[in-house]
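Thanks for letting me take a few minutes of the meeting. Please have a look at the structure while I talk, and stop me if a term is unfamiliar.

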Amino acid sequence: MDKKIIINIGRQFGSGGKSVAIALGQKLGIPVYDSELLIQAAKESGYSEDFFAKRDEQKKFFSLSNLTSTLVNSFGIAENYLNDDELFRIQSDVIRHAAENGSAIFVGRASDYVLRDMDCLDVFITAPMSERKKRVSERAGVSLEEAEAIIVKRDKTRKSYYDYFTFGDWGVASNYDLCVDSSMLGVDGTADFIIEFGKKAGLI
């Protein structure tokens with residue numbers, strides 16, 4: 001397509017945000033970046049993919065005990081000397097590179113902040129706790145009570161990550177162009193609604 005489309009998807013855990021992003025990618029014919037960003041970041045930095053995955057969307061005070069092992073990149077620098085800010089910078093570089101080279105949909109990882117100087121459609125996907133518990137319970141094979149505990153923990157982690165690196169407030173409506181409850185229209189319906197909104201906003 002001629003017009004470059006950049007969509008940033010923030011999401012509550014269990015809201016179906018990634019599924020919506022995938023549906024958007026299929027409908028618009030553009031790539032969706034989620035775990036792929038970790039792979040690319042690892043390749044470009046010389047660090048292991050597993051190292052990035054363990055620190056994905058997390059913000060912790062850095063200590064050697066955060067790592068289960070010490071790996072060394074091609075320059076002989078131990079990965080346990082790479083701090084959170086550097087990890088964020090590497091991943092942000094990958095996000096910007098992808099966005100500068102074509103249409104893309106980014107899931108999480110504070111991409112709305114990373115690309116704040118570009119024309120993007122910033123969306124936040126939410127859903128009632130009851131719906132999120134059902135989704136996580138079915139997906140993870142755990143009880144509704146266990147699912148709620150997982151949701152609370154993951155949302156807290158995402159908020160800590162986003163707020164630290166963006167100086168913003170994760171999930172607050174004023175940070176996004178559109179906030180939508182995925183339980184109202186379902187995954188495909190939510191994707192269609194986002195596309196319709198994006199077209200009216202001149203961003204799709």
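How far does α7 reach from its first C-alpha to its last, and how does that compare with the span expected at 1.5 Å a residue? Before I answer, please keep in mind that what you see is a predicted model. The helix α7 has 23 residues and reaches 32 Å, which is close to the expected 33 Å.

Let me step back to the whole chain for a moment. The protein chain has 204 residues, and 45% of them are buried. It contains 8 helices and 5 strands, and if you read along the sequence you meet them in the pattern β-α-β-α-α-α-β-α-β-α-α-β-α. Among the contacts with a separation of 6 or more, 67% are between residues 24 or more positions apart. The chain exposes about 10500 Å², and carbon and sulfur atoms supply 52% of that area.

Now back to α7, and to what its buried side faces. Its buried residues include Ala147, Ile151, Asp155, Arg158 and Tyr162, and the buried residues of this helix pack against β1, α4, α5 and α6. Just after the helix comes Phe167, whose phi is positive, near 60 degrees.

A little further on, in the loop between α7 and β5, you will find Trp170. Is Trp170 buried or exposed? Its relative accessible area is 14%, and because buried means under 20%, Trp170 counts as buried. Leaving aside residues up to four places away in sequence, Trp170 touches several residues, including Arg11, Phe124, Asp155, Arg158 and Tyr162. Asp155 lies 15 residues from Trp170 along the chain, and the C-alpha atoms of these two are separated by 9.4 Å.

My last topic is the enclosed space inside the model. There are 3 cavities of 30 Å³ or more, and the largest cavity has a volume of about 130 Å³. Which elements give two or more residues to its lining? They are β1, α5 and α7, and β1 provides the largest share, with 4 residues. In total 16 residues line this cavity, and Gly10, Gly108, Arg109, Ala110 and Tyr162 lie nearest its centre. Sorted by class, the lining has 7 nonpolar, 4 polar and 5 charged residues.

If you take one residue away with you, let it be Tyr162, which is a buried residue of α7, is touched by Trp170, and lies among the residues nearest the centre of the largest cavity.

Note on methods
Residues are numbered from 1 along each chain as its sequence is written. This is a predicted model: local features need pLDDT of at least 70, side-chain atom pairs count only at pLDDT 80 or more; totals for chains, interfaces and linings use all residues. Side-chain values use heavy atoms; hydrogens and water are left out. On a 1 Å grid over the protein atoms alone, a cavity is a set of points where a 1.4 Å probe fits but cannot get out, and a pocket is an open set with protein on both sides within 12 Å along at least five of seven lines; lining residues have an atom within 4 Å of a point. Grid points are joined across faces, edges and corners, and a volume is the space filled by probe spheres set on the points. Ala, Val, Leu, Ile, Met, Phe, Trp, Tyr, Cys and Pro count as nonpolar, Asp, Glu, Lys and Arg as charged, and the others, Gly among them, as polar. The expected span of a helix is 1.5 Å times one less than its number of residues. Buried means under 20% relative accessible area, exposed over 50%, partly exposed in between (1.4 Å probe, protein chains only). Contact means heavy atoms within 4.5 Å. Accessible areas come from the Shrake-Rupley method with a 1.4 Å probe; for residues, only the protein chains shown count as cover.
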